[in-house]
Amino acid sequence: MSDALVIVPTYNERDNLPLIAQRLLALPVRVHLLVVDDNSPDGTGRLADELAARHPEIHVLHRQQKEGLGRAYVAGFKWALARGYEFVFEMDGDFSHNPDDIPRFLIAAAHADLVLGSRYLGGIRIMNWPLSRLMLSKAAATYVRAITGMPFTDPTSGYKCFRRRALEALDLDAVRSNGYSFQIELTHKLWRQGMRVVEIPIVFTERLQGHSKMSGNIIREAFVMVWRLWLQNGMRRQPRVTPPPVDTAAIQAVPPPAPPPPPSA
């Protein structure tokens with residue numbers, strides 16, 4: 001059994017799922033895939049079951065309705081903890097996150113409790129975004145840092161690797177946010193507890209197929225969540241507990257980001 005699990009929430013990702021599974025199973029490190037499907041009307045859940053029947057590394061968690069990204073990940077985290085995985089990934093199912101970066105995350109996770117894949121560390125590495133979307137994302141990152149004090153370049157990133165002890169430190173039943181705010185909330189809760197949080201650079205590519213799930217509600221939820229987190233931290237802009245030192249040399253030695261998948265992927 002692998003000690004690494006990649007959680008991929010799906011809603012109408014039938015076209016992308018077989019390609020994602022193929023890329024994950026072909027990695028030089030062994031990982032398992034958990035598809036968390038929110039009863040996709042396009043049959044993604046049925047396709048996931050077919051893939052799982054052929055590949056013991058693939059698992060499927062069916063949910064009865066679409067409740068948002070955060071709820072899907074929380075369900076996946078609980079599933080992973082119940083089965084003893086040590087490294088648990090968040091990864092989009094549309095190739096905006098490159099599966100080939102997973103070995104790099106695992107190298108960094110040997111020295112951290114949470115590894116964030118940053119689109120902005122050392123420069124901007126985003127493909128196929130309009131300027132308006134880039135400006136929104138950069139403004140959100142600046143806003144989060146200004147209010148919470150978190151020093152990370154990309155607090156809304158959805159490409160993450162959690163160590164088991166980090167997930168165990170979270171009260172998953174108390175997490176209520178979704179979308180951008182979900183990513184901010186989990187990172188902040190671990191950061192303020194003194195967990196070791198590090199960033200590594202990634203290349204982000206706008207989804208190859210399907211439609212973005214960005215909405216005004218997601219943006220508004222993130223705007224309010226940042227202030228709530230600041231209040232929960234006693235209006236501090238620093239962790240309540242000083243984190244242990246991070247081996248910065250080891251993190252800096254992580255190889256550069258993998259090139260994005262070809263358009264045919």
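Colleague: What makes Phe223, Val224 and Trp227 a nonpolar patch on the surface?

Modeller: In this predicted model, Phe223, Val224 and Trp227 together have about 300 Å² of accessible area. A patch is made of residues with over 30% relative accessible area, and nonpolar side chains are joined within 5 Å. Val224, which lies in helix α8 (residues 216-232), has 43% relative accessibility, so Val224 is over the 30% that a patch residue needs.

Colleague: Why is Val224 called partly exposed?

Modeller: Buried means under 20% and exposed means over 50%, with partly exposed in between; the 43% of Val224 falls in between, and therefore Val224 counts as partly exposed.

Colleague: How do you know that α3 is largely enclosed by the rest of the structure?

Modeller: Ten of the 14 residues of α3 are buried, which is why this helix is described as largely enclosed. Among the buried residues of α3 are Tyr73, Phe77 and Trp79. Helix α3 covers residues 69-82 and reaches 20 Å from its first C-alpha to its last, close to the 20 Å expected at 1.5 Å a residue. Just after α3 comes Gly84, with a positive phi of about 80°.

Colleague: What makes the pair of Asp100 and Arg23 a salt bridge?

Modeller: The closest N and O atoms of Asp100 and Arg23 are 2.9 Å apart, and a salt bridge needs a side-chain nitrogen of Lys or Arg within 4 Å of a carboxyl oxygen of Asp or Glu, so this pair qualifies. The pair links distant parts of the chain, since Asp100 is in the loop between β4 and α4 while Arg23 is in helix α1, 77 residues apart. Asp100 is partly exposed at 33% relative accessibility, whereas Arg23, at 19%, counts as buried because the cut-off is under 20%.

Colleague: How many salt bridges does a search of the whole structure find?

Modeller: The search finds twelve salt bridges. One of them joins Arg163 and Glu86, with the closest N and O atoms 2.8 Å apart. This pair also links distant parts of the chain, with Arg163 in strand β7 (residues 160-163) and Glu86 in the loop between α3 and β4. Arg163 is buried at 13% relative accessibility, and Glu86 is partly exposed at 24%.

Colleague: Why are Asp101 and Arg104 both called buried?

Modeller: Asp101 has 0% relative accessibility and Arg104 has a relative accessible area of 5%; both values are under 20%, so both residues count as buried. Their side chains meet in a salt bridge of 3.1 Å, N to O. Elsewhere, salt bridges that share partners join Asp38, Arg63 and Glu67 into one network.

How values were computed
Residues are numbered from 1 along each chain as its sequence is written. This is a predicted model: local features need pLDDT of at least 70, side-chain atom pairs count only at pLDDT 80 or more; totals for chains, interfaces and linings use all residues. Side-chain values use heavy atoms; hydrogens and water are left out. Patches are made of residues with over 30% relative accessible area and no salt bridge: like charges are joined within 9 Å, nonpolar side chains (Val, Leu, Ile, Met, Phe, Trp, Tyr) within 5 Å. Accessible areas come from the Shrake-Rupley method with a 1.4 Å probe; for residues, only the protein chains shown count as cover. Helices (H or I, at least four residues) and strands (E, at least two) are DSSP runs, numbered from the N terminus. Buried means under 20% relative accessible area, exposed over 50%, partly exposed in between (1.4 Å probe, protein chains only). The expected span of a helix is 1.5 Å times one less than its number of residues.
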